[in-house]
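Student: I've got a structure open and I'd like to learn how to read it. Could you walk me through it?

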Amino acid sequence: MIRFLAVRALTLLAGLFLASLIIFISLRLLPGDVAQVIGGTSASPTQVEAIRERLGLNVPLPLQYLDWLGGVFTGQLGSSVVSGTSIAAEIAEKAQVTVPLTFYSLTIALIVALPLGVFAAYRRQALPSRVLSVLGVVAAAVPAVWAGLLGIVLFSTWLGWLPSQGFPRDGWADPLAAIRSLTLPALTIGLIEGAVLFRFVKSATLSAIGAEHVRTAMSRGYTRLGALVRHGLPGVGLSVISMLGLQIAGLLVGAVVIEQLFSLPGLGRMLVFDVGQRDLIKVQSTLFVLTAVILALGALVDVVHRLIDPRLRVEEQ
Amino acid sequence: MSARRGGTLHHLVRSPRGAFALAVLGLLALTALVSLFWLPGNPNQSNISEAWQSPSPTHWLGTDSSGRDIASRLMAGARVTVLVVLGAAIVSGVIGLALAVVSALGPRRLREPLIILIDVLIAFPTLLLAIMLAAVFGSGLPVVVASVGIGFGVQIARVVRAELRQINAEDFILAAKAAGLSRWAILRMHLLPNTAPVFTVQLSLAMGLAILAEAGLSYLGFGAPPSVPSWGLMLEESQAFISIHPLVVLWPGITITLTVLAFYLLGDALREAMDPRLRFGGRRDGGERNDLGDRSEA
Amino acid sequence: MTVTTSGTSPAHALPLEVNDLTVSIGDTELLHGISFSLAPGERLGFIGGSGSGKTLTALAVAGLLPEEAEVRGSIRLGDTELVGKPDRELAALRGERIGVVFQEPKTALNPLLRLGHQMTEALALHYSLSRAERKEAALRLAARVGLKDPERIVRAYPHEVSGGQRQRAAIAAAISAQPGLLLADEPTTALDVTVQKGVLQLFRELTEGDDTSLVFITHDLAVLAEVAERVLVFDGGRVIEEGEIAQILEAPVHPITRALIHAAGGEL
């Protein structure tokens, strides 16, 4: 087990390193002159030079990279050239919207997908199951933006139940208001990802129903349903857990578009804005933070999976 | 064993999902083609005085906020969709296949680092990749196609690689090697044709996801430029007015959903049409199949 | 069988009567009017090629057919008619009256649960046991089926023990609640030849007296000869021949039976 943890940690570090390299190279080397890009086409040469000085771009590239990397791990990301605010502070602030949104969506996705997926598999022939399956496929084909817009029309414009834009200015001081703002967005992404997860759970449950060891459990005295629940579903649960990392990554990414749609002051919207502002340095750090979170989550899921699944444990004799 | 294309197509058309998928995609291709030569109106001509007209003989679906004909924009948008889908298919197909072959069968020194690279790139969500490329190269359809191509390419690579390794371990490959076939010949004649089912299904899925990606990216402003009507862009334009003209949102959403659905169903139908007939019968462990066979289908 | 838990005495085997059993799934009829009887304590062998219906018949008796299957005819265990019974009532009989050993222990056992737990599951489902009693029963069962080092096996997961040990554990799981009828579907086919003999010996020991009847399914004549007293020959969903083992082996009547014997040739 220790050995596995060590290897997994190393793999994570290698991944982080590689990701940081890719991001750095893409954003620093490719545009040619970063300072020019940031300054814009109308900037004078002196202005561009000033930017270059401020960002430390005259230092050799590898040193810039190490400097940045060091900054990432110590939390010192500098300030944005364009807005002057501290990058790290802003990321932390915007994360207060994006992270809860992601978990809110995940909860909705799980609540929808797990019971419905199992039901659709167990009662395959019944009409509700078939309707669900069709809905599931269609829902997975719907673009998030459209679903969000339709949601706004339904819940905001017509019913007036939920706000369609924005997030309370004082953040989480009033938790209920904050949750209300996040509900429609979370429903949008949650239902779409839930549709994808639903298909997966249904497929996994179907396999479980036909699985040999479930039939063996029946032979010991379980009813059909009992055998499925006691012996089949834990396997399904394990599969879902192993998928969880991917799911969260998908939800995080979905948040980018959804935050834009609902005007939520989260990381996604900030990222889009910064790209528009040509604030490459900030974009660099934001992208890396997001990727690092996704990679770390993937590693965490691997470890949890390893801990739970006896097949993956190596017994020390 | 090579894919019997005629048989597959036949099987595909017979199944309800396959027929629906082919019909929708055929319609898409046809619309895109026709739109090159003829459109009911002008998709780009703004005429504020004609804004927000209801459906009429001149404007089949009415006009939008700038007075442009919606039906024409939808049809012209089909062009963008077809371009994106084809581009994504080619790029992700080539990248996926190349990476899969090298990381499964290439020299050991290349394999390990490639596997790590693939895993990292998979963790890198396509949208973030697209945003990054857009930040560097500016927005536009090539960025969309490139990022979608890379993003799905690595996913395809991972799946195809697993498939390649599995097939490579089969006895008939061993027999081919013993018969003296070169590695390239084995690859060309045995390995690749047998991964065709998995590859095709993945590609079909990737094409569906590419449309969703384009819609999202165009919405954010990283995709098609404002002068080019794309369905994603149409969604963005309709947002400002949803409280007064909610119906305008429907059209581009419906076309996107239908097309993506068609690709998903195509993938499902392809899997059914290709899988059981190309797989080797019997089980690898030599155990006896019981009378019931396999009853679980997804 | 000599395994006992607190207080309960082993159930005696009941006679099994199968009459005109027909099983269909969808439009396809898979078993066509199977009839046979099994006396208490008897060892009956089912032989035939794959797809001949022998496994299906055993599953029908055990009530383990898939939900879509339609069953007609009669299966009587003692006084109880099994055809037409709802799943809940059949479940009460499974494990306690009827035990099943499947072919591939790797897939038949739950990979996520310890062997000791699985070995005593049928017992725990039909009787209430304390934790200590359950643990004790597991150890005794392990010893009964000839597992060396029962302490380790009971705590182990299926993938941590050898194929032969897995199958013995599966047999223990099937007999834990002392069913009067034991159905074994090709239990030795997936095992090494060296291990097979031991497992076959175990089956003989477990079914020696009148306490337990055995239905032993196999496609291998040599294995059949070691275990069965009487034989049913299956083909195409029907019983085509029936008789004592010696008679089947030396003087088969039906051409298909003859072909089977002939194919086995010098292995006997």
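Student: Let's take the sheet in chain C. In what order do the six strands of the open sheet come?

Tutor: Keep in mind that this is a predicted model. For a sheet, you read the strands across, neighbour by neighbour. Here the order is 6-7-8-3-9-10 in chain C, and the pairing is mixed.

Student: Which strands stand at the edges?

Tutor: Look for strands that have a single partner. In chain C these are strand 6 (98-101) and strand 10 (238-244), so each has one side without a neighbour in the sheet. As for twist, neighbouring strands are turned by 15° against each other on average, ignoring direction.

Student: How many bridges join strand 9 of chain C to strand 10?

Tutor: Six, and the two strands run antiparallel. To follow one by eye, start at Leu232(C): its bridge partner in strand 10 of chain C is Glu242(C).

Student: Which strands does helix 12 of chain C lie across?

Tutor: Strand 3 (43-47), strand 9 and strand 10 of chain C. The helix, residues 255-264, runs at about 65° to strand 10 of chain C.

Student: Over to chain A. At what angle do helix 10 and helix 12 of chain A pack?

Tutor: With a helix pair, check the angle and then the distance between axes. Helix 10 (residues 224-262) and helix 12 (residues 280-308) of chain A pack at about 175°, and their axes are 9 Å apart. Angles over 145 degrees count as roughly antiparallel, and therefore that is how we describe helix 10 and helix 12 of chain A.

Student: Which residues make the contact?

Tutor: Helix 10 of chain A contributes residues including Leu238(A), Ile241(A) and Gly245(A), while those from helix 12 of chain A include Leu290(A), Gly298(A) and His305(A). By class, the contact has twelve nonpolar, four polar and no charged residues.

Student: And between chains? How many residues does the contact take from chain A and from chain B?

Tutor: For an interface, count each side, then look at its make-up. Chain A gives 44 residues and chain B gives 35. Among the elements giving two or more residues on the chain A side are helix 1 (2-29), helix 8 (175-210) and helix 10. That side has 35 nonpolar, nine polar and no charged residues.

Student: Which element of chain C gives the largest share of the side that touches chain A?

Tutor: Across that interface, 26 residues of chain C contact 17 residues of chain A. Helix 2 (87-93), helix 3 (105-108) and helix 5 (121-126) of chain C each give two or more residues. The largest share, four residues, comes from helix 5 of chain C. By class, the chain C side has 13 nonpolar, five polar and eight charged residues.

How values were computed. Residues are numbered from 1 along each chain as its sequence is written. Chains are lettered from A and ligands numbered from 1 in the order in which they are written. This is a predicted model: local features need pLDDT of at least 70, side-chain atom pairs count only at pLDDT 80 or more; totals for chains, interfaces and linings use all residues. Two residues are in contact if their C-beta atoms, placed from the backbone, lie within 7 Å. Ala, Val, Leu, Ile, Met, Phe, Trp, Tyr, Cys and Pro count as nonpolar, Asp, Glu, Lys and Arg as charged, and the others, Gly among them, as polar. Axes are lines fitted to C-alpha atoms, for helices over the stretch in contact, and angles run from 0 to 180 degrees between N-to-C directions. Angles under 35 degrees count as roughly parallel, over 145 as roughly antiparallel, 65 to 115 as roughly perpendicular and the rest as oblique. Two strands pair if DSSP finds at least two bridges between them.
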